[in-house]
Amino acid sequence: MSSLWSPDLFDIDEYVPGEQPKDKKYIKLNTNENPYPPSERVLEAIIAAAGDGLRLYPDPNCSELTEAAALACGVKPEQVFMGNGSDEVLAMCFRAFFTGRGVLRMPDISYSFYPVYAKLYGINCDIVALSDDLSIPVEKFFNSQAGVVIANPNAPTGIALPAAEIGRIAENNPGCVVLCDEAYVDFGAESAVPLISKYNNLLIVRTLSKSASLAGLRIGWAIGDEKLIKGLNKVKNSINSYTLDSLAQAGAAAAFKDSSYISACCAKVAQTREHTSERLKKLGFELTDSKSNFVFARHSTASAETLFSALRQNGVLVRYFKTPRISDRLRISVGTEEDMDILIAVLERILESL
Ligand SMILES: Cc1ncc(COP(=O)(O)O)c(C=O)c1O
């Protein structure tokens, strides 16, 4: 810590990303990455863009990419804002719509980056407890002061609301923005994107990290009313005009144009999720109804912390959150069928030995 820091920095508890281990090769089920490779079209486009053009600054408006994203999502390019991963887009949303407007509402169990952004921008939060079954109590998100941030499907529970419920939250917050993070929507939930034409306060954030196997390329985007997109551009152009490099823009545009490959990978992940869930239940786990690329599981007798450590020792990484209400659960990303065979075999051994 340094006395030269801005005073408010001392109080910020930074977000801690899932481990990317270097010590040995693990079955990596801890950061919700997609186990399948990205589309070959993406790699071809990146190689084609990796030439003399790198002398030049990239397109600050990501024009070709924005058009490809808009076409893939069924909206107009003016309704799309591209960013360097959805984390960056979310941070810019907090700055554009929630700063200086009062108290922001969010669930107690959700993506743990939200309270960090709030703290960074000096936004006070009204934390609403999820229901006992870990679902989002929709009506408790009505009539907020500064706005609402919600993930759908929620993370780490994986539980999804129907799009109409997101619409109800937007309808009942007419004076502020409802930010809906759809990082995992492609694995089986219903997107609220079609509702942006009905609710000019509804902003959806998406990512290519999970569904398109492109966590390393850092591509996120927001979809909403043109006026909201203008607000986001104002924030971006006050920090960094070139958030996406030329290679990322080329690769991501190719991904949007190869949507059938992405849907096929997501369908495989969803199928493996269902199969794995059945197998975990037979081992004594209780699971939420996840519509994401992870499951959220609690064992009837073994503690989550014990299982987390034992799995790690046996070469399988999962995510454990030592936080109230969910410290008895593990979040396990869905890998290939072969990854999950290993997970189940290792778990069987561990449970027998306890
Ligand atoms: C709910 C949620 N939103 C957003 C993100 C960030 O995704 P990215 O910055 O890779 O687009 C994550 C990553 O794990 C997430 O779980």
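Here a trainee and a mentor talk through a predicted model, one question at a time.

Trainee: Let's start with the sheets. Which strands stand at the edges of the seven-strand open sheet?

Mentor: Follow the order, which goes β2-β8-β7-β6-β5-β3-β4, with mixed pairing. An edge strand has a single partner strand, so one side of it is left without a neighbour in the sheet. That picks out β2 (80–83) and β4 (125–128).

Trainee: And how much does that sheet twist from one strand to the next, on average?

Mentor: This is the open sheet of seven strands with mixed pairing. Going from one strand to the next, the twist averages 20°.

Trainee: What is the bridge partner of Pro107 in β4?

Mentor: Strand β3 covers residues 104–107, and four bridges join it to β4. The two strands run parallel. In β4, Pro107 has as its bridge partner Val128.

Trainee: Which helix packs on this sheet, touching β2, β6, β7 and β8?

Mentor: Look at residues 226–236, whose direction makes about 30° with that of β2. The strands touched include β6 (177–181). The helix you want is α6.

Trainee: There's another sheet, with four strands. Which of its strands are at the edges?

Mentor: Its order is β9-β10-β13-β12, and the pairing is antiparallel. Two of these strands each have a single partner, so one side of each has no neighbour in the sheet. They are β9 (285–287) and β12 (319–320).

Trainee: What does Tyr320 bridge to in β13?

Mentor: β12 is joined to β13 (residues 330–333) by two bridges, and the strands run antiparallel. Within β13, the bridge partner of Tyr320 is Leu330.

Trainee: On to helices. How are α3 and α4 oriented to each other?

Mentor: Two packed helices are described by the angle between their axes and the distance between the axes. For α3 (residues 85–98) and α4 (residues 113–120), the axes come within 10 Å and cross at roughly 45°. The crossing is right-handed. An angle of roughly 45° is neither under 35 degrees nor in the 65 to 115 range, so the two helices are oblique.

Trainee: How many of the residues in that contact are nonpolar?

Mentor: From α3 you get Asp87, Leu90, Ala91 and Phe94, and they meet Phe113, Tyr117 and Ala118 in α4. One residue of the contact is charged and none is polar. The nonpolar count is six.

Trainee: Now some backbone oddities. Which loop holds Pro153 and its cis peptide bond?

Mentor: Most peptide bonds are trans. The one from Asn152 to Pro153 is cis, with omega near 0°. Pro153 sits in the loop between β5 (147–151) and α5 (163–171).

Trainee: What is omega for the bond from Ala155 to Pro156?

Mentor: Pro156 is found in the loop between β5 and α5. The bond from Ala155 to Pro156 is cis, with omega near 5°.

Trainee: Is Asn32 buried or exposed?

Mentor: Asn32 lies in the loop between β1 (27–28) and α1 (40–49), and its phi is near 55°, a positive value in a residue other than glycine. There are 23 other C-beta atoms within 10 Å of Asn32. The cut-off is 20 or more, so Asn32 is buried.

Trainee: Last one: what is phi for Ser213?

Mentor: Ser213 is in the loop between β7 (202–207) and β8 (220–223), and is buried, with 23 other C-beta atoms within 10 Å. Most residues other than glycine have a negative phi. Ser213 has a positive one, near 55°.

How values were computed. Residues numbered from 1 in each chain as written. Predicted model: local features only at pLDDT ≥ 70, side-chain atom pairs only at ≥ 80, totals over all residues. Axes fitted to C-alpha atoms, helices over the stretch in contact; angles between N-to-C directions. Parallel < 35°, antiparallel > 145°, perpendicular 65-115°, else oblique. Left-handed = near helix turned anticlockwise from the far one by under 90°. Contact = placed C-beta atoms within 7 Å. Nonpolar A, V, L, I, M, F, W, Y, C, P; charged D, E, K, R; others polar. Buried ≥ 20, exposed ≤ 12 C-beta atoms within 10 Å, placed from the backbone. Pairing = 2+ DSSP bridges.
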